[in-house]
Structures are given as structure tokens and as C-alpha cells.
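Student: Could we go through this model together, step by step, before I rely on any part of it?
Tutor: Certainly; here it is.

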Amino acid sequence: MAPSLQLAPGSLIHPRALMSIKNLEMRARIVVEGFWTGIHRSPYHGFSVEFTEYREYTPGDDPRYLDWRLYARSDRYYIKKYEDETNLRCHLLVDNSRSMTYGSLPYTKAQYANTAAATLAYFLYLQGDGVGLLTFDEQIRDYLPARHRRGHLRHLMLNLEKDAGGSQTDLTRPLRRIVEIVTKRGVMVLISDLLAPIEALEKNLASLGACGHEVIVFNILDPAELSFNFEKATIFHDMESGRDLYIDPHLARKEYLKRLESHLSQVELICQKLGMSYHRFSTDRPLELALFDFVRGRSERRKLVRRATRHRHGV
């Protein structure tokens, strides 16, 4: 059995340093370059091609399909598979609601989520894949269809640089709209804190999966939300309801953590039941790992599809 794919530890950039870079596209580029460096420094870098739509060059292959960018990074020759077979259409669905404006670190969940989306967009662009974007709060804010061209990537980055600040998280309208707009099957990446009623989340995720799209969910939360490590009793402002609540964290912590874990566990179970890839992220986690989870998940899904196809054909 082949060893599992890994990243070299020294390649990871702490989000605090990354987010100090003002230019979003530069952040995305740094993460992608760090990802490639980490893969090729890893003792398992020989398996990294399973992440992408590449295979190693063999004598007799048409040299026109050599990927010179990948050669420059890896010093190895790889062939990009034919576009008719492999071109991916990916839509990034990014939550810009008011709860995403929270941050106990020098940056917010929204800034982290937008950087994650920009990283995925930049990575897919380098692979020749089409990337689209839908940002939302209680309604749709911006929509760009999945395309592959330089000007489109820049437009996408500009939309991701906009500040979050809507009111409540409402997945119903944006997910209904994306299902109506995107009729060809592709990949949908939902990036959100998912702090919405569990019944609504299940219904909306099910409607997205029912259309045949491959769905990947990045559940983004701040470290303080995950630990509730506040020390002093204070007034907490509910950013979605607008209410001010006086809370003693020592009295509330146990019940809060119990309810949060129940909510997150239910979200994960819903995703598993619907066949969706689920990843929980604290905003202090290096973004190379988000990219790693994305491409590893796609690689594993392709393997399952190939096995199922061979089984159907009795191979």
C-alpha cells in the first residue's frame, strides 16, 4: 500500500503572518507555492500527482501537453490530461454574513474564508480549470460563473476583497440560486461558519447535493468560538440578532461547548449522509492544509469513482 500523502512541516505559513499581507492575490500565490514546495519536499512527493489531473511523462507522449510550470517546481515531467476529459468547473460559495466578521485574532473569519477561497481559485486557475464565485449573507451579494482566463481571476479576487457585513446567515436563497444557474455537474465548495439552524442546513445542503454536484464543505470558526476561553463576565453582542447579552463565561462555558459540539457533530453527520466532504477549520490553521484537504479529497473521490466504474463493468 502506498504511504499517505503529506506536506513537509517546514512549508506551512502561520495565518497571522499570511494575513499581514494586504494583497489578496499575493496571499493566495504564497499559499499555493508553499503547498507545492511542501509536497515536493515531503518523502511522499512521488505520489503528489494523485492530487491533480496529471500523470508522469512517458516516451511517446505528445510533448505539447507537458506542463512546464509543474516542471519548474518539481524538476519532473508531467502531462496534463486532455481538457475534454479533465477540465473542472468549480464554484466557490463564500459566506459574508455578519457572524463572519468576528475575529479574536488580528483578522476575521471572513478574511480567512476569503483567503481560502482565493487560494483555491488561484490553484485551480494554474491547473486550467474554470472557477466561479458566489458570495452571500441573507441574500446573494456577487456571482461570477465558472471561467478560466486571467481577467476573470482578477475580477474574482476583487469580489473577495469586499468586506463582509450582511446580517444573518441564510443558505436557502444562495444555494437555491446556484442550483438554478449551474446546470452542468461540477464541484461546489461551501465556505461558512455554518452558524444557522441545523434543520435549515440539512435541507439546503441536501438540495445542493441532489443536483449531482460534488460538494466540499469548509466549516470556518474562530479559536475563541471553539474554546470559549473568555475570563471576565462581559456583554456579548450577537452580530446576527443584534441583541446584547450579559454572560459570565465561567458559568456558560460548559453548556456553550456542549451545544457547539452537538451542532458541529450534526453538521458533519449530515455531510457524511449526503456524501459530502466536510472539513472543520479554526482560523489559526495554516491555509496550505485547506488546499491539501481539497485536493486529497478530490483524489480519493476519483479513486472511488474509478473503482465503482470497474465494478460495474466487471473489471
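**Cysteines, helices and two unusual loop residues**

Student: How many disulfides does the count come to in this predicted model?
Tutor: A disulfide is a covalent bond between the sulfur atoms of two cysteines. The criterion applied here is a pair of cysteine sulfur atoms within 2.5 Å. Cys 90 and Cys 271 are buried, each with a relative accessible area of 0%. By the distance rule, the number of disulfides is zero.

Student: How many residues does the chain have, and what share of them is buried?
Tutor: The chain contains eleven helices and ten strands. Among its contacts between residues at least 6 apart in sequence, 75% join residues at least 24 apart. Of the 315 residues in the chain, the buried share is 47%.

Student: How far apart are the end C-alpha atoms of helix H8, and what span should its twelve residues have?
Tutor: Helix H8 covers residues 198–209, and the expected span is 1.5 Å times one less than the number of residues. For twelve residues this should give 16 Å, which agrees with the distance between the end C-alpha atoms of H8, 16 Å.

Student: Which residues of H8 are buried, and which exposed residues does the face turned away from them carry?
Tutor: The buried residues of H8 are Ile 198, Leu 201, Asn 204, Leu 205 and Leu 208. They cover an arc of only 130° around the axis, which puts them on the same side of H8. What covers these buried residues includes strand S3, helix H7, strand S6, strand S7 and helix H10. The face turned away from the buried side carries the exposed residues Glu 199 and Lys 203.

Student: Are helices H5 and H6 roughly parallel or roughly antiparallel to each other?
Tutor: In the contact between them, Asn 114, Ala 117, Ala 118, Ala 121, Tyr 122 and Tyr 125 of H5 meet Arg 150, Leu 153, Leu 156, Met 157 and Leu 160 of H6. The axes of H5 and H6 come within 10 Å and cross at roughly 175°. Because angles over 145 degrees count as roughly antiparallel, H5 and H6 are therefore roughly antiparallel.

Student: Where does Leu 194 lie, and is this residue buried or exposed?
Tutor: Leu 194 has a phi near 55°, a positive value in a residue other than glycine. Its place is the loop between S6 and H8. With a relative accessible area of 1%, Leu 194 is buried.

Student: What is the relative accessibility of Phe 228?
Tutor: Phe 228, which is not a glycine, has a positive phi of about 50°, and this residue lies in the loop between helix H9 and strand S8. Phe 228 counts as buried, because buried means under 20% and its relative accessibility is 7%.

Notes
Residues numbered from 1 in each chain as written. Predicted model: local features only at pLDDT ≥ 70, side-chain atom pairs only at ≥ 80, totals over all residues. Heavy atoms only, no water. Buried < 20%, exposed > 50% of the residue type's maximum accessible area, 1.4 Å probe, protein only. Helix = DSSP H or I, 4+ residues; strand = E, 2+ residues; numbered from the N terminus. Arc of directions from axis to C-beta. Contact = heavy atoms within 4.5 Å. Axes fitted to C-alpha atoms, helices over the stretch in contact; angles between N-to-C directions. Parallel < 35°, antiparallel > 145°, perpendicular 65-115°, else oblique.
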